[in-house]
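Reader: I have the sequence and the coordinates open. Take me through the ligand site, the cores and a few single residues.

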Amino acid sequence: MSFDTLGLREELVLGVKELGFENPTPIQSEAIPLLLEEQTDFVGLAQTGTGKTAAFGLPLLNSIDPTLSDTQGVIVCPTRELCLQIEKDLNNFAKKMPWLRVVSVYGGANISLQIKELRRGAHVIVATPGRFVDLISRGKARLEHVKVAVLDEADEMLNMGFKAELDAILEATPDHRSTWLFSATMPAEVKRISKNYMSNPKELSVGGVNETSNNISHEYYPIRERDRYEALKRVIDFQPNIYGVVFCRTRMETQEIADKLMRDGYSADSLHGDLSQAQRDSVMKSFRKRRIQVLVATDVAARGIDVSDLTHVIHYKLPDDPEVYTHRSGRTGRAGKKGISIAFITNKEQRRLNDIQRMVKAKFEEKEIPSIENICQNKLYSLVDDLKDVTVHDEEIDQYLGKVTEQLEELTREELIKKIVSKEFNHFLDYYRDARDISCTFKQLSKRSREDRGRTSSRKGMSRFFINAGHLDGLNKGALVRIICESSNMRGHLIGAIDIKSAYSFFEVEDASADQVTNTAKDYSFEGKSLRVEKAEGGSGSGDRRRGGGDRRGGGERRGGGDRRRGRSNFSGGDNFHDNGGGSRRFGNKRRSFKRSN
Ligand code: AMP
């Protein structure tokens, strides 16, 4: 079914098409014709993510008479965010109806400005209950010409204690208006509203009450910030058949993560507002056809994704607004299928996670980043499945089979299986051979950050220095002692604690020798690369900042990625399979860019 056949006016059909909606969702295809045809009351059991906003928004907009400036439709919803979202959605649907005025009014914002907006005319008012009642009682919102009143997320509004307000709003609208109520659940209070204010409402349930949330398992992985990208890769590797969207917070981050994944041999691409419409269409086409397994997207760009069988939604970083989390997660677990929503959470993000858990009202399961052993095992079994699915073109292969069989004659069946499987799998094993264990719990994270803070302050009588080289440069404690002794012409026993990190390190020298290090800082070098040495001022504060800077700069991480990618590109097959040289070359470039960034 397409939007053309639902009975909507042309401007609205064009509007949704421009948004990238190709086909109506189930609730849209059932509700829209019904609400267009009959002046009826309606109860829709549906959650966020089902497309319910368009299901009520399009027929509501369709019913607006442009020759009248009165308010003809009202939509009441629980939160300011949802209000703004609905206002935005309606304006988007009605792009080709420039005469239409939608005004949203909600608590916590300047009421005089809202009154001014209402005075200019509002065909549709989108409102939170408390503010709406306030405006109605001041005579600023006139509802006597309202044809349709929509209650969106009615159960949520009642949970929030807006029972009296909903009654007051409905009382203020004409008796002959239609009431369309949307709710994820049907508690007694919602039933009471439908009984008191509706006559013979048509009922529609999209996949059963609360089905969306039941279909989605919410999982989170505690991580250290520096491991975020590595964690993403491991989670993807653990699910070889993943078909999902990775949500990032900014366009830049989206592009960066997509680029890294592609470089690292994953079947991925990006979708964000900096791409042209043609580029976006082409990415979506590939994603829909499953030529891309992982789509990295911003929240805004992902709004038009109409793919119903995503296995995973991954929150590379959590959104600030819990509502956005719901929107993101609602992209999976659709059409009766199970879906998994995964978030990576640092210590600092725990509070945001708690806010989201409260709002989503679902149990979130804490998981550990999959072990290398488990990742490899899954990969191996998936390789075997792929092997079983390989299409064989008998007529073309048969002519070579005799000679091939002869070549393989001395191998037993078992040896042959091992060799075929190992051909791909060895690359994967190589890639993960030296991989670190990055799984952790929040308890470990907070212990670690306490220890780190302790370590960043220098001990009494010692001065602490930062140096921009670490494990990833091949630096170890012995090498660092040698560098300090040679460059600063110092005896080893004057050097105190050494802390080698991935892309940078700290070392202490006795206060009396600190100037010696400062004065010779420009002479520090390691394997031909000149190094930057700086005094790590004061105690934990500066030490923390310096550490953060190291992580953000991400030189080590990027170089690490380059190194690992070299392995990864080996096993990823296709063009990359033969790309050893390319991998090494890119690794070389990374070193240069690291130098530049310092
Ligand atoms: P809602 O349930 O109204 O909050 O919609 C959930 C998401 O699905 C929103 O991001 C909408 O923009 C998107 N959406 C709604 N209808 C469609 C459609 N027919 N095709 C594609 N995306 C849609």
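Author: Start at the ligand, in what is a predicted model. A nitrogen atom of the ligand sits 2.8 Å from a polar backbone atom of Asn-23.

Reader: Which residue has a side-chain N or O atom 2.5 Å from an oxygen atom of the ligand?

Author: Two polar contacts involve ligand oxygen. One runs to a polar backbone atom of Gly-51, at 2.7 Å. The other, at 2.5 Å, ends on an N or O atom in the side chain of Thr-53.

Reader: How much of the ligand does the protein bury?

Author: On its own, the ligand exposes 490 Å². Of that area, the protein buries 96%.

Reader: How do the residues of the shell around the ligand divide into nonpolar, polar and charged?

Author: The ligand has 17 residues around it, and among those that come nearest are Gln-28 and Gly-49. By class, the shell splits into 3 nonpolar, 9 polar and 5 charged.

Reader: Now the largest nonpolar core. Which element supplies the largest share of it?

Author: This core has 39 residues. Helices H1 (10-18), H2 (26-37), H3 (52-62) and H4 (80-93) each supply at least two, as do strands E4 (124-127), E5 (148-151) and E6 (178-183). The largest share is 6 residues, and it comes from H3.

Reader: What does Leu-58 contact, leaving aside neighbours within four places in sequence?

Author: Leu-58 is one of the residues with the most contacts inside the largest core. Its partners beyond those neighbours are Phe-3, Leu-8, Leu-12, Val-16, Ile-32, Thr-53 and Phe-93.

Reader: How many residues are in the second, separate core?

Author: Among its members are Tyr-229, Tyr-266, Val-421 and Tyr-431. The count for this separate core is 31 residues.

Reader: Is Asp-152 buried or exposed?

Author: Asp-152 lies in the loop between E5 and helix H7 (154-159). Away from its sequence neighbours, it touches residues including Lys-52, Phe-56, Leu-82 and Phe-182. Its relative accessible area is 0%, and the limit for buried is under 20%, so Asp-152 is buried.

Reader: And Arg-433, buried or exposed?

Author: Arg-433 is in the loop between helix H19 (413-432) and helix H20 (442-456). Its relative accessible area is 55%, and exposed means over 50%, so Arg-433 is exposed.

Reader: How far apart in space are Arg-433 and Ile-372, C-alpha to C-alpha?

Author: In sequence, 61 residues separate Arg-433 and Ile-372. In space, their C-alpha atoms are apart by 8.5 Å.

Technical notes:
Residues numbered from 1 in each chain as written. Predicted model: local features only at pLDDT ≥ 70, side-chain atom pairs only at ≥ 80, totals over all residues. Heavy atoms only, no water. Core = buried A, V, L, I, M, F, W, Y, C linked by side-chain atoms within 4.5 Å. Buried < 20%, exposed > 50% of the residue type's maximum accessible area, 1.4 Å probe, protein only. Helix = DSSP H or I, 4+ residues; strand = E, 2+ residues; numbered from the N terminus. Contact = heavy atoms within 4.5 Å. Near = heavy atom within 4 Å. Polar contact = N/O pair within 3.5 Å; in protein donor to acceptor, adjacent residues only side chain to side chain. Areas by Shrake-Rupley, 256 points an atom, 1.4 Å probe, with all protein chains shown as cover. Nonpolar A, V, L, I, M, F, W, Y, C, P; charged D, E, K, R; others polar.
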